[in-house]
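Colleague: I am new to this structure and would be grateful for a close look at a single part of it. Please choose one element, follow it outward to its neighbours, and explain each term as it arises.

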Amino acid sequence: MGRKNEKPTIARMKTQQSRSGALAFTRTLQEKLLLEMKVFFFTMQEFFWFSIRAFVAIPKAKQYWRDVLDQAKICGADSLPIVLVSAVSIGALLAIEVGNLLEDFGAKTMLGRSTALSVIRELGPLLMGLMLSARFGSRNGAELGAMQISEQIDALRAFGTDPIAKLVTPRLVAALIMFLPLTAFSDFAGLQSAAYMAEHYHRLDPGIFWNSVYPRLVAKDFVVGFLKAPVFAIIITLVSSFNGFAARGGTSGVGRSTIKGIVVSSGLVLIANFYVSKIVLENM
Amino acid sequence: MIELRQVGLKYGEREILKNVSLTIKDNTIKAILGPSGVGKSTILKLMLGLIKPNSGQIIVDGTDITNMKETELYAIRRKMGMVFQGNALFDSMTISQNLGFFLRENMKLPEDEITRRVAEQIQFAGLEGYEEQLPESLSGGMRRRVAIGRAMIFKPHMILFDEPTAGLDPVSSKKILSLISSLRHNNNLGAVIVTHIIDDVFNVADSVAVLYKGEIIFDDVTEKLHHAEHPFIRSILSDKILEL
């Protein structure tokens, strides 16, 4: 009798145990999710105030004009080669692929028009944004992260200097200034390489190519493309700098914060690219 | 004068400081002694307003800085110089640029005056000939002396030292300690030294506070430390260095 009674008791206990185990697991999961959400919203709040402080400090950029020039060189002149390489390769590729497609419809003369629209509205600024997110963003994240880890940012605060005004605002101002000409260079290089491929790969007369480009481009096309430059400048600079300031935990922490800055800013560049195009094209 | 009144600080669930009260008078050297990771450096950061306490008050020269905004704190911070544990020198600047940086940034002094003060600190720290070197090319002791020079160049009332001799060889440690002693004698400066090396305390401090498990277990003139009866203090007096 005892044994017969014992079996269901153990089984019941096991069931209860597994139920309480499942409950505990669910509770832990809930708590973890709650904590993650709290951390996310707290980080967003911090990022918001960080951005506000960076913008409020813009008048102080005059005081840090040397830093602005340094950063302008880093994100402008020094970034030009990689922006040009990516623009040339994507322009050439676009001309080949779109040219092949248009040939099937006997519309190869429209090659200039279609590549110009793609490059000026979308690919020129987008590639420039992604390249600068990798180049300028990673530099910001690593440099500011290393400064944070070695207490240099605390030293600035300790001696009465606003680290955001000194380190972030010059980067922001430089990016806002330099991203516009970089976009123009990216567009120019992309179109030139497309024209070159149109002439040498598709045997299209340059006159036909450029005739389908210039007369048909309207202000809206340039607004879409060039409006993205300041948007990307703000995203890349603030996200990468914020992550640099948030670096903790030694050299591996600098690595983590740099990667996070690049991944998040690249993702936001892609999202912003879509929304800027959508908003401008729908409203102009 | 710097006062901490019933200061409490928590990081998440971890209680770092429990109702810590401390007074640092002008023209005196106060040491804060305790094992690593007990919150000694945190006390220095609280004094500068770099972090905010969860409870209590921090008073600097009669001004309550506990809830001050960052922009309001800058003026208070300029009354104090800080020597960070890792020196926190700007690694892309030369020694003279490091020394003159905050003068150019915050004090709007004429360039002649900045050059004069930089030369004064170079001489005080015994770094003649190294003016145009980058910090990475200097030894640990030399870097520490640059950091002390940078903290002094403002002519502050008080200098806060975070582990001034940690990681230095005995000769460099001795140089740094004599430099700290000379600050008060030559410049009428007060200082707070955070350390885990008990010999440093006996060498330079007028008074000492011992921090243990987030609480001050001793706060008196240095000589009285020998007579303290707390078991932790007895154990550190016999071991000399706290490696906990």
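Modeller: Two strands are said to pair if DSSP finds at least two bridges between them. Strands (E, at least two residues) and helices (H or I, at least four) are themselves DSSP runs, numbered from the N terminus. The model is a predicted one, in which local features need pLDDT of at least 70, side-chain atom pairs count only at pLDDT 80 or more, and totals for chains, interfaces and linings use all residues. Residues are numbered from 1 along each chain as its sequence is written, while chains are lettered from A and ligands numbered from 1 in the order in which they are written.

The part I have chosen is strand β7 of chain B, residues 158-162. Five of its five residues are buried, so β7(B) is largely enclosed by the rest of the structure. Here a residue is buried if 20 or more other C-beta atoms, placed from the backbone, lie within 10 Å of its own; it is exposed if 12 or fewer do, and partly exposed in between. In a regular strand the side chains alternate between the two faces of the sheet. Both faces of β7(B) are covered, with B:M158, B:L160 and B:D162 buried on one side and B:I159 and B:F161 on the other.

On either hand there is a partner strand to consider. Four bridges connect β7(B) in the parallel sense with strand β6 of chain B, residues 80-83, where B:M80 stands opposite B:M158. Strand β8 of chain B, residues 190-195, also runs parallel to β7(B), joined to it by five bridges; B:G190 of β8(B) is the bridge partner of B:M158.

From β8(B) the pairing continues to strand β3 of chain B (residues 29-33), again parallel and over five bridges, with B:I32 partnered by B:V194. Helix α5 of chain B, residues 140-152, packs on the sheet and touches β6 and β7 of chain B. Such contact requires that the C-beta atoms of two residues, placed from the backbone, lie within 7 Å. The direction of α5(B) makes about 170° with that of β6(B), angles being taken from 0 to 180 degrees between the N-to-C directions of axes fitted to C-alpha atoms, for helices over the stretch in contact.

The whole sheet is open and has six strands in the order β6-β7-β8-β3-β9-β10 of chain B, with mixed pairing. At its edges stand β6 and β10 (215-221) of chain B, each with a single partner strand, so one side of each is left without a neighbour in the sheet.
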